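Please work through the exercises below with the sequence and the structure open beside you, and try each task before reading its solution.

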Amino acid sequence: MSQATVVSAPGKVLIAGGYLVLDPAYSGVVVSTSSRFYTVIQQSSRGPNTIQVRSPQFDGSTWIYSLDFSDSPTVQALEENTSKNKFVHLALQHTISLACEVRGISAIQQLFAPGLDIAIVGDNDFYSQRAQLATLNLPRTLSSLSSIQPFCPQGVTLSQVHKTGLGSSAALITSLVSALLLRLEVIPPSALSEDHGRDRHLAHNLSQFIHCLAQGKVGSGFDVFRGSPLMGDDSTRPTSILPVVSPANSSWNHLVRPFQLPPLTRLMLADVDAGSDTPSLVGKVLAWRKNDPENANTVWTALDQLNQSLNPKSYTAIVKFISSLQPVQWTADPSFGNDEAEIAATFYHAHAISQEIRMKMKMMGELAGVPIEPHEQTELLNECCSLAGVIGGGVPGAGGYDAVWLLVCEPEDCQPGQWPRERIEYVWSNYTKLDVSPLSAEESLAKGARLESIDAIKGLRQAMQIL
């Protein structure tokens, strides 16, 4: 197979259910983003049973692995590698092991006869572009971001990059694992065009297991993989992966319901000063919940009830109306008919709920001694959430200093300077207490992992350094 295999997977923003999703009794709300990770697999000239993995956006980010099929398939990192990449190494090892279970060692060994080159890149929104904007002498606005080349080189090593909280590692693993399963003919290309097919579920289950294993059981956008022998150490982990990750395994009890933002609204995301270590934050919250279960369960139950209420409706006229007013004024117009008043009230209810979620998340952080919504973020969000046309906002996922999200009205037409997004951009670009820069990512209703064509994605061929 000489043709390149290209698969992408989206970033995600957990806007409700942070920390609660660690417990299977609770659920969360995840918005899929337009920013994606791309994995391109093609033949390598390095020789048989050799895998070269490149991340061209970063300095010194090439890893070489050798494959040994003599007993069970083993992926070994070569000593010439200048750094380690646990996520990539585990993805290669367990995906190739599963492929051998499904198709047999000899069939998989033949596919590695020429060796493989794997290149992985992420859209610009996964990484802070503040330095790039400064280099180009551009203001921190959405329009400025379009001036940066796609898959922009970061000029640092992978360990030094400033991420923006869009679930980059989960998107990377999903794209890499799905591309490998396609390349090794474990699943057909049609699997990634189906919504709920068994092969798509297999790719999801395997990706979730690998990501949670690499990140310590906490998976961004994946929630948590628990209670499986696969999560043990190497000495206790079973040699057979397929029975556990198979879609036929009834122990997979995740429940997925479709969700999308209301019409004429948009998600706005911003990158802020410094990133946060998600596993570290989660570990501290879990320790607090274990040590103070009564208070913890009270807070978690209240948060869950609020999260389940976050489901607003809208229509054109009311969206345009509330886009020009602060939230406290949304229900004050006496000329509303019953339908209009109900929709305006629903929007204000969503605003009030999002504010209360923030308050309780911040309370939980204070009780656990964790900066879920740090004071600096609170001041920024308070200012943003008081603006006309802003429905709500918060810190995504596990919180901390990574990013903020806002849900804002996006009416069909507005006078220049009156769009809610323009007010937000002005606040972000002039904010002095934190260094804030917008992300261009929006909500995406596209499928998760999907098959791509190199030349259909602007800048991908150049970024991959494919001749």
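The exercises that follow concern a predicted model, and each is solved step by step.

**Exercise 1. Work out the order of the strands in the seven-stranded open sheet, and explain why S5 and S13 each have one side without a neighbour.**

Step 1. Reading across the sheet, the order is S5-S4-S3-S6-S2-S1-S13, and the pairing is mixed.

Step 2. Strand S5 (74-77) and strand S13 (450-451) stand at the edges with a single partner strand each, and therefore one side of each has no neighbour in the sheet.

Step 3. Within this order, strand S3 (residues 50-54) and strand S6 (residues 116-122) run parallel and are joined by four bridges; Arg54 has Ala119 of S6 standing opposite.

**Exercise 2. Find which strands are touched by helix H1 and which strands helix H5 lies across.**

Step 1. Helix H1 (residues 86-103) packs on the sheet and touches S3, strand S4 (62-68), S5 and S6, with its direction at about 160 degrees to that of S5.

Step 2. Helix H5 (residues 168-183) lies across strand S1 (5-16), strand S2 (29-43), S6 and S13, and runs at about 45 degrees to S2.

**Exercise 3. Describe the aromatic pairs made by Phe37 and by Tyr38, and state which parts of the chain each pair ties together.**

Step 1. The count of aromatic pairs comes to five, among them Phe37 with Phe126, an edge-to-face pair at 4.8 Å centre to centre with 65 degrees between the planes.

Step 2. Phe37 belongs to strand S2, whereas Phe126 is in the loop between S6 and helix H3 (130-135), so this pair ties together parts that are 89 residues apart in sequence; both Phe37 and Phe126 are buried.

Step 3. Tyr38 and Phe151 also form an edge-to-face pair, at 5.6 Å centre to centre and with 90 degrees between the planes.

Step 4. Because Tyr38 lies in strand S2 and Phe151 in the loop between helix H4 (142-145) and H5, this second pair ties together parts that are 113 residues apart in sequence.

Step 5. The cut-off for buried is under 20% relative accessible area; Tyr38, at 4% relative accessibility, therefore counts as buried, and Phe151, at 4%, counts as buried too.

**Exercise 4. Decide whether strand S10 is largely enclosed or exposed, and identify the bridge partner of Gly392.**

Step 1. Five of the five residues of strand S10 (residues 390-394) are buried, so this strand is largely enclosed by the rest of the structure.

Step 2. S10 pairs with strand S11 (residues 403-409) in the antiparallel sense over four bridges, and the bridge partner of Gly392 in S11 is Leu407.

Notes: Residues numbered from 1 in each chain as written. Predicted model: local features only at pLDDT ≥ 70, side-chain atom pairs only at ≥ 80, totals over all residues. Heavy atoms only, no water. Pairing = 2+ DSSP bridges. Helix = DSSP H or I, 4+ residues; strand = E, 2+ residues; numbered from the N terminus. Contact = heavy atoms within 4.5 Å. Axes fitted to C-alpha atoms, helices over the stretch in contact; angles between N-to-C directions. Phe/Tyr/Trp six-rings, centres within 6.5 Å; stacked < 30°, edge-to-face > 60°. Buried < 20%, exposed > 50% of the residue type's maximum accessible area, 1.4 Å probe, protein only.
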